[in-house]
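Q: I've got a model here and a pile of structural terms to match to it. Let's go through them one by one.

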Amino acid sequence: MIEFRNVTIAYNDHVVLNNVSFTADFFEKIAILGGSGGGKTTILRLILGLVRPDEGNIFINGQDITVLSESQLRQPRMKFSIVFQEGALFDSKNVRENVAFCLREYSNYSEEEIERRVRDLLKILGIEEAIDLMPEELSGGMQRRVAIARSLAGCEPKMMLYDEATTGLDPLTAANICALINELSSGEPPQRRGFILVTHKVLDAARVADRYLYLENGTIAFDGDIESLKKTDDPELREFINELYVAKRV
Ligand SMILES: Nc1ncnc2c1ncn2[C@@H]1O[C@H](COP(=O)(O)OP(=O)(O)OP(=O)(O)O)[C@@H](O)[C@H]1O
Ligand SMILES: [Mg+2]
């Protein structure tokens, strides 16, 4: 369980999140929507303890992570796997080494075991044939898949964090990544591995999430399911979700 309690964070006097509170179970399928610079990535960074709030507390399974040292943060961080915005693969490493990275860092597996695990993951993501390729040889969609494989490899995450997992991809590839996100979070709560997807692509969010948060002026202006999202009378949010209706008309 994640709890944000009255979290405020500012960069150089620019308040990004202002007194934000919410709770989320690890099995939930959450989309955090909001405009560029709205603080979506910041929320993921706060969950991982990569940045600390100026005010307020963040609890992971009841433990306040805002007071933990770097080494103490290791444990709560293990509950999550993050796919960073833009994938962020290591350019100088091939697919095998990219995916193996966390296994080498965080486990004592033998070379054979690492190879087996890397191949299994690539197979699940449908990109086994790319194992010897370099990131520059991959399409954007394949890079995103490798990034997801790498984030799954490190540990057995309780929850996935996707930062703009489908942004910059063509509609078909974006749909494929959404299908993959659904697949990785199939199963029933409470065992299900849930996710937080942060995105400004409402249509993609609607393919995967069942709870929607909308960030506006540093606060959570909306928290609910797709039905109530569609009924919102917040003019800014209506504008934001407009493509849901446009898509329906096609
Ligand atoms: N390390 C930093 N130093 C200074 N300002 C920062 C830093 N990180 C983020 N910001 C600022 O905080 C605000 C929120 O950033 P954040 O990356 O969380 O937004 P976002 O919602 O993820 O945006 P996008 O949709 O463009 O990815 C932005 O105005 C950004 O410039
Ligand atoms: Mg971002």
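A: Let's start with Glu3, which stands opposite Phe59 in strand 4. Keep in mind that this is a predicted model: local features need pLDDT of at least 70, side-chain atom pairs count only at pLDDT 80 or more, and totals for chains, interfaces and linings use all residues. Residues are numbered from 1 along each chain as its sequence is written, while chains are lettered from A and ligands numbered from 1 in the order in which they are written.

Q: How do you know that strand 1 and strand 4 pair?
A: Two strands pair if DSSP finds at least two bridges between them, and strand 1 and strand 4 have 5 bridges, in the antiparallel sense. Strands themselves are DSSP runs (E, at least two residues), helices are runs of H or I with at least four, and both are numbered from the N terminus.

Q: What about strand 4 and strand 5: what makes them a pair?
A: Strand 4 (residues 55-60) and strand 5 share 2 bridges, again antiparallel. One bridge matches Ile60 with Gln63 in strand 5. The hairpin of these two strands has 2 residues between them, and there Asn61 takes a positive phi near 50 degrees.

Q: What sheet holds strands 2, 1, 4 and 5, and in which sense do they pair?
A: It's an open sheet of 4 strands in the order 2-1-4-5, with antiparallel pairing. Strand 2 (14-24) and strand 5 (63-64) each have a single partner strand, so one side of each is left without a neighbour and they count as the edges.

Q: How do you know that helix 1 packs on that sheet, and at what angle to strand 1?
A: Helix 1 touches strand 1 (2-11), strand 2 and strand 4, and its direction makes about 120 degrees with that of strand 1. A contact here means C-beta atoms, placed from the backbone, within 7 Å. Axes are lines fitted to C-alpha atoms (for helices, over the stretch in contact), and angles run from 0 to 180 degrees between N-to-C directions.

Q: Which residue in the loop between strand 1 and strand 2 is worth a look?
A: Asp13 sits in that loop. Its phi is positive, about 70 degrees, although Asp13 is not a glycine.

Q: Why are helix 3 and helix 5 called roughly parallel?
A: Helix 3 (residues 95-106) and helix 5 (residues 140-153) pack at about 25 degrees, with their axes 7 Å apart. Angles under 35 degrees count as roughly parallel, over 145 as roughly antiparallel, 65 to 115 as roughly perpendicular and the rest as oblique. Therefore the two helices earn the label roughly parallel. From helix 3, the contact takes Val95, Asn98, Val99, Phe101, Cys102 and Leu103; helix 5 adds Val146, Ala149, Arg150 and Ala153. By class that gives 8 nonpolar, 1 polar and 1 charged residues (Ala, Val, Leu, Ile, Met, Phe, Trp, Tyr, Cys and Pro count as nonpolar, Asp, Glu, Lys and Arg as charged, and the others, Gly among them, as polar).

Q: What makes helix 4 oblique to helix 5?
A: Helix 4 (residues 111-124) meets helix 5 at about 135 degrees, with the axes 10 Å apart. That value fits none of the other labels, so helix 4 is oblique to helix 5. Arg117, Leu121 and Leu122 of helix 4 touch Ala149, Leu152 and Ala153 of helix 5. This contact has 5 nonpolar, no polar and 1 charged residues.

Q: Which strands are the edges of the other open sheet, and why?
A: That sheet has 6 strands in the order 6-7-8-3-9-10, with mixed pairing. Strand 6 (80-83) and strand 10 each have a single partner strand, so they stand at the edges. The twist averages 15 degrees from one strand to the next. Strand 3 (residues 29-34) and strand 8 pair in the parallel sense over 5 bridges, whereas strand 9 (residues 211-216) and strand 10 (residues 219-224) run antiparallel, joined by 5 bridges.

Q: How do you know which peptide bond is cis, and where is Pro190?
A: The bond joining Pro189 and Pro190 is cis, with omega about 5 degrees. Pro190 lies in the loop between helix 6 (171-184) and strand 8 (194-199).

Q: What makes up the shell around ligand 1?
A: A residue is near the ligand if its C-beta atom, placed from the backbone, lies within 6 Å of it. Among the residues around ligand 1 are Tyr11, Lys40, Gln85 and His200. The shell has 2 nonpolar, 9 polar and 1 charged residues, and its largest share, 3 residues, comes from helix 1 (residues 40-47).

Conventions:
Two residues are in contact if their C-beta atoms, placed from the backbone, lie within 7 Å.
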